[in-house]
Amino acid sequence: MSKFVAAIDQGTTSTRCMIFNHRGETVSAHQLEHTQIYPQAGWVEHDPLEIWQQTQRVVQGALEKLGGQAQDIAAVGITNQRETTVVWNRKTGKPYYNAIVWQDTRTDRLCAQLGESDGPDRFRAQVGLPLSTYFSGPKLRWLLDNVPGLREDAVRGDALFGNIDAWLLWNLTGGVDGGVHVTDVTNASRTMLMALAGAHWDDEILAAMEIPRAMLPTIRPSSDPAIYGYTLTDGPFGGRIPICGDLGDQQAATVGQTCFAAGEAKNTYGTGCFMLLNTGTDIVPSQHGLLTTTCYKFGDAPTVYALEGSIAISGALVQWLRDNLRMIDAAADIENLAYTVDDNGGIYFVPAFSGLYAPYWRNDARGVIVGLTRFINRGHIARAALEATAFQTREVLDAMQQDAGIELQALKVDGGMVRNELLMQFQADVLGVPVIRPRISETTALGAAYAAGLAVGFWKNTDEMRANWGIDKTWQPAADDTARTKLYAAWKKAVTRTFDWV
């Protein structure tokens, strides 16, 4: 009997393969970064072929560290950076263009044109999303309009579109030699092309965006006992293993955190910051700037939906301080630098590098640091950078509670930044509720593993997954309410300074 489940976690800055046992514990992992491409201001791209190469390497590396073989793996799940858009030729397997990353803002004018007289909410009733540079549909339209020969190939059915999950699935299952072209409901819900009710490609929106249906993948459940396809014996896994789990990264983290009941929420602190609230089988329209999205679909069970607050820049701000300003040598150094001061010195850092996402959805915003004086030093900037993530999360949580009418009692957190003790304590202070870090913190990859393992019976039900969840640490909010009153009010004022810059 197979002892493990493998997950491929293809993120914004790196790709990793993680292998889990039945208790949800990591038994092996391998991770590699890939190149960030910035052709001009506001444009962000990745090389799909590099991502595929890194995927093969991390799978092989994880298996080598495990000392295992294909027969030890019961199933494979995939989780991925959402909205990042790839188009490739089904006959040659070559991409027509670099992948356009979710952070990219080149479609701002196109989104305004698509809004026409209805504005950014033109398609919100069908898809739960505002017209924004964030989502895949406008990126795909840009590619069709700007890459020579692509539209003609798309009409003929030779050009395929997908988020990164579909690209990896196609390659893992054979590529030009019979690779399957599928995606799951969570990734499809981030394209702006899928109707939430019924989980099907929306003909009206396809017509409005001038996107040929022939290039779209088949939409499947997130955990699919029917199996999407099988890995190849001459592929990176070295054997025939079912691929049957697929979730966008934030939905995968929600599953990994076992937020299976309506009203349960998690927040992931990664390149961006993403809070999801499970709303059960109800599609809850947002009145306060959140996204209504698919949470997951397990087999034939009804689709589960969520409200999401998406923040474009959180961990990416720390990377920016490291790579662009050379203020720190490693991302982990940000905490010690922030600890050199007692507070932010009166400055606020609003990192609207790609505009503002939830709850504002302002493509015209750009980043600012306000309140600068001669007193300010590197420590204050580091502290303000960390505080920006906590303040943005508070804005999302306020909107979420207004939309759902639910008073959150605690917040489950995961992602790379949750090891930052200063940030987690400040987050609890700003929210006024406990912040809880789980014992198993790699929840994004774990969620993909859960989806795949559930499909083949490795885990029999969600109760078995819940039994794996446990608390590592809890941060209680401070009795002093300064962070959630005075400091938060100043943050809200700082945000208004980013508006109408572009």
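With the whole chain selected, the radius of gyration, taken over C-alpha atoms, is 22 Å, which agrees with the value near 23 Å that a compact globule of 502 residues would have, the globule rule being 2.2 Å times the number of residues to the power 0.38. This is a predicted model, in which local features need pLDDT of at least 70 and side-chain atom pairs count only at pLDDT 80 or more, while totals for chains, interfaces and linings use all residues. Residues are numbered from 1 along each chain as its sequence is written, and side-chain values use heavy atoms, with hydrogens and water left out.

Reduce the display to the C-alpha trace, which spans about 65 × 50 × 45 Å along its principal axes. In cartoon view the protein shows 16 helices and 23 strands, these being DSSP runs numbered from the N terminus (helices H or I, at least four residues; strands E, at least two). Of the 502 residues, 64% are buried, where buried means under 20% relative accessible area, exposed over 50% and partly exposed in between, with a 1.4 Å probe and protein chains only.

Next, select Ile311, Leu356, Tyr357, Ala358 and Gln392, which are the closest to the centre of the largest cavity among the 14 residues that line it. A cavity is a set of points on a 1 Å grid over the protein atoms alone where a 1.4 Å probe fits but cannot get out, and its lining residues have an atom within 4 Å of a point. The largest cavity holds about 80 Å³ of space, a volume being the space filled by probe spheres set on the points, which are joined across faces, edges and corners. Adding β18 (304–311) and α12 (378–404) to the selection brings in two elements that each supply at least two residues of this lining.

Keep Ala358 in view and add proline 359: a cis peptide bond joins the two, with omega about -5°. Proline 359 is placed in the loop between β19 (348–350) and β20 (368–370), and tryptophan 361 is found in the loop between β19 and β20 as well. Tryptophan 361 has a positive phi of about 55° although it is not a glycine, and at 15% relative accessibility this residue counts as buried.

Finally, move to alanine 199, in the loop between β10 (194–195) and β11 (200–201). Alanine 199, also not a glycine, has a positive phi of about 50°, and with a relative accessible area of 21% this residue is partly exposed.

How values were computed:
1 Å grid on protein atoms, 1.4 Å probe; cavity = no way out; pocket = protein on both sides within 12 Å on 5 of 7 lines; lining within 4 Å.
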